[in-house]
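Let's take a friendly walk through this model together. Please have the sequence and the 3D view open as you read.

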Amino acid sequence: MSVQEDGHHGAEIAARTERRWATVSVIIIVGMALLAAFAGIHRATMPQPRVETTDPSRIHLSGEFIESNLGSVLETNGAVTVRAIGQQYSFTPACIVVPSETPITLRATSADVVHGILIQGTNINTMLVPGYVSEQLMRFEKTGDYLMPCQEFCSFGHEGMWGKVRVIDKTKFAELAKSGGRVSCVGQ
């Protein structure tokens with residue numbers, strides 16, 4: 001075999017290898033596009049199992065989100081429910097106290113425009129839409145303070161819309177909650 005034939009044979013091998021990799025790449029891209037399309041169509045055609053609504057103009061006056069009902073409460077089954085409102089440019093309550101190693105349900109809504117709750121260092125991220133109740137299940141294993149910024153642009157002043165989640169030991173939380181009132185760390 002001559003040097004010229006050997007070079008031609010090497011070029012054929014390189015071209016064949018490149019075609020195989022290009023084919024594999026195209027198959028992967030098409031597969032990912034199909035998965036994304038399926039997930040998007042499936043979510044669009046499968047509504048949430050339960051949609052709760054509320055009147056944003058009356059949330060402070062009556063119902064679940066009146067001021068005396070905001071914050072954390074220990075339920076009879078040992079779980080914790082947190083109720084909160086997002087409004088320009090604050091969360092109410094601004095500081096939420098929850099126990100560690102406990103199932104927690106965050107129920108929140110917006111009084112004015114779309115807001116978002118993002119608890120930094122976790123995968124907790126939900127939107128607050130006026131007229132709708134957002135429900136997010138969560139659980140914290142470690143105690144500490146977590147920042148909670150609004151992650152949806154809600155107008156000028158958005159950058160100052162921050163809250164905090166304080167995770168404390170579950171026995172300490174039970175002690176704070178035994179009076180039956182709402183627990184928060186506002187002013188602490």
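What follows is a short tour of helix, hairpin, loop and strand details.

## Ground rules

This is a predicted model, in which local features need pLDDT of at least 70 and side-chain atom pairs count only at pLDDT 80 or more, while totals for chains, interfaces and linings use all residues. Residues are numbered from 1 along each chain as its sequence is written, and side-chain values use heavy atoms, with hydrogens and water left out.

## Along helix α1

Let's begin with helix α1, which covers residues 3-45; helices here are DSSP runs of H or I with at least four residues, strands are E runs of at least two, and both are numbered from the N terminus. Val24 belongs to this helix and counts as partly exposed because its relative accessibility is 37%. The scale for these words is simple: buried is under 20% relative accessible area, exposed is over 50%, and partly exposed is in between, with a 1.4 Å probe and protein chains only.

Val24 also joins Trp21, Ile28 and Met32 in a nonpolar surface patch of about 450 Å². Such a patch takes residues with over 30% relative accessible area and no salt bridge, and joins nonpolar side chains (Val, Leu, Ile, Met, Phe, Trp, Tyr) within 5 Å, or like charges within 9 Å. A salt bridge means a side-chain nitrogen of Lys or Arg within 4 Å of a carboxyl oxygen of Asp or Glu. Accessible areas come from the Shrake-Rupley method with a 1.4 Å probe, and for residues only the protein chains shown count as cover.

Val30 has its place in helix α1 too, and its 44% relative accessibility makes it partly exposed. Its C-alpha atom is separated by 49 Å from that of Ser184, 154 residues apart along the chain.

## The β1-β2 hairpin and the loop before it

In the loop between α1 and β1 you will find Asn69, which is buried because its relative accessibility is 16%. The Asn69 side chain reaches the backbone oxygen of Glu64 at 2.7 Å; a polar contact is a pair of N or O atoms within 3.5 Å, where within protein one must be able to donate a hydrogen and the other to accept it, and residues adjacent in sequence count only if both atoms are side-chain atoms.

Next, β1 and β2 run antiparallel and are joined by 4 bridges, with Gly71 opposite Arg83 in β2. Strands pair if DSSP finds at least two bridges between them. The hairpin has 5 residues between its strands, and there Gly78 takes a positive phi near 95°. Asn77 sits in the loop between β1 (71-74) and β2 (80-87) and is exposed, with a relative accessible area of 64%. A polar atom of the Asn77 side chain lies 3.0 Å from the backbone nitrogen of Ala79.

## A three-stranded sheet

An open sheet of 3 strands follows the order β4-β10-β9, with mixed pairing. Its edge strands, β4 (95-99) and β9 (144-149), each pair on one side only. β4 pairs with β10 (residues 162-168) in the parallel sense over 5 bridges, and Ile96 stands opposite Val165 in β10.

## Two faces of β8

Strands β5 (residues 104-110) and β8 run antiparallel, joined by 5 bridges; Thr105 stands opposite Leu137 in β8. Which side chains of β8 (residues 134-138) are buried? Ser134, Gln136 and Met138 are, pointing to one face, whereas Glu135 and Leu137 point to the other and are not buried. In a regular strand, side chains alternate between the two faces of the sheet.
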